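This note is intended for a colleague who is meeting the structure for the first time. Please read the numbered points with the sequence and the 3D view at hand.

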Amino acid sequence: MNAATAEEDLARMRDALGLARRGLGTTWPNPSVGCVIARDGATLGRGATQPGGRPHAEQVALAQARARYGAEALRGATAWVSLEPCAHHGRTPPCADALAKSGIARVVSTVEDPDPRVRGRGFAALRAAGVAVETGICADEARRLNEGFLLRLAEGRPHATLKLAASLDGRIAHETGESRWITGPQARARVHLMRARADAVLIGAGAAREDDPMLDVRLPGLEGRRPVRVVADGGLSLSLMSRLARSAGDAPLWLLHRPGVDPARRAALAGLGARPVEIAAARSGEIDMAAALTFLGGEGLTRLICEGGGRIAAALLRAGLVDEIAWFSAGVAIGAEGLPAVAHLALPDLAAAPRFALDRVETLGEDVLSLWRPRTEA
């Protein structure tokens, strides 16, 4: 491969990854994929996986190229795809077949799709059809972008980001429960962007009671994003007059509760449009968070943000279910009487504390966002 080809491959693949990134939060249970098709330096078509997971990025890019330049323009072209093209028959024909039949001569991709229906078969089908296939470019970026999809296939649960907005001394609210607003407008806008890129937002029953949130996306141009709103509400205590309950007919609301809740209350919340779901209880009597995330993964969710409060944060940390911490730190001190960002972990000693490695830091107005990932032993 000459230097010019390598440089174009890198630029085109980053374009494909950028297209894929735009679809995060809208394509579950499918991955968000981007595809760019070009020939002789000219872009013919660009596509991303559409909301709901269909049509796939390759089909969108092929259709755009045909509409703009005609089918003959695809002969001898190259397609850059941010994940292995599918090889199974679903509601649409396999993308590997569509690419091969189009006359495309070369496909550049990142990593295999671990879905058992694909897992190398897409690349094999392309090669069998005489298409040159190159893989591995931007592989780490591709894995990071679709880590939720990959994790769901590997472990049966979504990727979980624990988002905490706290004071300098680690408090998320005043002792009265007042928490609006610890952080400033730029940090809050960033949280809405995180919601827009998530499949679901999870909070505990306490946060639902204290904050009466909507858990919607309020960014210009993204108001139509509707992440599933999930409340871990063991006793099914959510008020029928809460904003979440009253809007359950307009945006998905799943209520995870323990066995044995009041059937009448369950029926009343379901009547408003909510989806009550029974989840096994842990020994503590709280919802078993491992079982809860397994349920969410089974429903196809790949990217989950947990927005509080302290008890559910502690439950996720205790269970080893936190894949990323997004810590929004504000320049304010609240004191020991404030509510802690994380409730009791019941650690036997410091060595048992979950440890995270700093991934990156961003400044958002007067606040700081630090992103942390579980520390892996060398």
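**Notes on the predicted model**

1. A register detail of strand pairing serves as the point of entry. Val201 has Ile305 as its bridge partner in S12. Leu202, in turn, stands opposite Cys306 in S12. The strands concerned are S8 (residues 200-204) and S12 (residues 303-306), which pair in the parallel sense over three bridges. The reader should bear in mind that the model is predicted.

2. Strand S12 also pairs with S6, in the parallel sense and over four bridges. Within this pairing, Ala160 has Leu304 in S12 as its bridge partner. As general background, strands of a sheet pair through backbone hydrogen bonds, either parallel or antiparallel.

3. These strands belong to an open sheet of nine strands with mixed pairing, in the order S11-S10-S9-S8-S12-S6-S13-S16-S15. Strand S11 (275-278) and S15 are the edge strands, and each of them pairs on one side only. From one strand to the next, the twist averages 20°. Helix H11 (residues 289-298) packs on this sheet and touches S6, S8, S9, strand S10 (253-257), S11 and S12. The direction of H11 makes about 150° with that of S10.

4. A further open sheet is formed by five strands in the order S2-S1-S3-S4-S5, again with mixed pairing. Its edges are strand S2 (42-48) and strand S5 (132-134); each has a single partner strand, so one side of each is left without a neighbour in the sheet. Neighbouring strands of this sheet are turned by 15° against each other on average, direction ignored. Inside the sheet, strand S1 (residues 34-39) and strand S3 (residues 78-81) pair in the antiparallel sense over four bridges. Ile37 has Ala79 in S3 as its bridge partner.

5. Is Leu316 buried or exposed? Leu316 counts as buried because its relative accessible area is 2%, which is under the 20% limit for that class. This residue is placed in helix H12 (residues 310-318). Leaving aside residues up to four places away in sequence, Leu316 touches Met289, Leu293, Cys306, Leu321 and Val322. Of these contacts, Leu293 is 23 residues apart from Leu316 in sequence, and the C-alpha atoms of the two are 9.7 Å apart in space. Cys306 is the residue that Leu202 faces in S12.

6. The structure holds 23 salt bridges. One of them joins Arg157 and Asp323, with the closest N and O atoms 2.8 Å apart. This pair links distant parts of the chain, 166 residues apart. Arg157 lies in the loop between helix H6 (147-155) and strand S6 (159-166), while Asp323 lies in the loop between H12 and strand S13 (324-329). Arg157 counts as buried at 7% relative accessibility, and Asp323 counts as buried at 14%.

7. Another salt bridge is made by the side chains of Glu362 and Arg190, at 2.4 Å from N to O. Glu362 lies in strand S15 (residues 356-364) and Arg190 in helix H7 (residues 185-196), so the pair ties together parts that are 172 residues apart in sequence. The relative accessible area of Glu362 is 22%, and the residue is partly exposed. Arg190 counts as buried, at 17% relative accessibility.

8. Glu362 also forms a salt bridge with Arg360, the closest N and O atoms being 3.5 Å apart. Arg360 counts as partly exposed, at 37% relative accessibility. Which residues are linked with Glu362 in a network of salt bridges? The network consists of Arg144, Glu147, Arg190, Glu324, Asp359, Arg360, Glu362 and Arg373.

9. The final point concerns the surface. Leu240, Met241 and Leu272 make a nonpolar surface patch of about 270 Å². Met241 is located in the loop between strand S9 (228-232) and helix H9 (243-246). With a relative accessible area of 60%, Met241 is exposed, since that class begins over 50%. Leu316, by contrast, is buried at 2%.

Note on methods: Residues numbered from 1 in each chain as written. Predicted model: local features only at pLDDT ≥ 70, side-chain atom pairs only at ≥ 80, totals over all residues. Heavy atoms only, no water. Patch = residues over 30% accessible without salt bridge, like charges linked within 9 Å, V, L, I, M, F, W, Y side chains within 5 Å. Areas by Shrake-Rupley, 256 points an atom, 1.4 Å probe, with all protein chains shown as cover. Salt bridge = Lys/Arg side-chain N within 4 Å of Asp/Glu carboxyl O. Helix = DSSP H or I, 4+ residues; strand = E, 2+ residues; numbered from the N terminus. Buried < 20%, exposed > 50% of the residue type's maximum accessible area, 1.4 Å probe, protein only. Pairing = 2+ DSSP bridges. Axes fitted to C-alpha atoms, helices over the stretch in contact; angles between N-to-C directions. Contact = heavy atoms within 4.5 Å.
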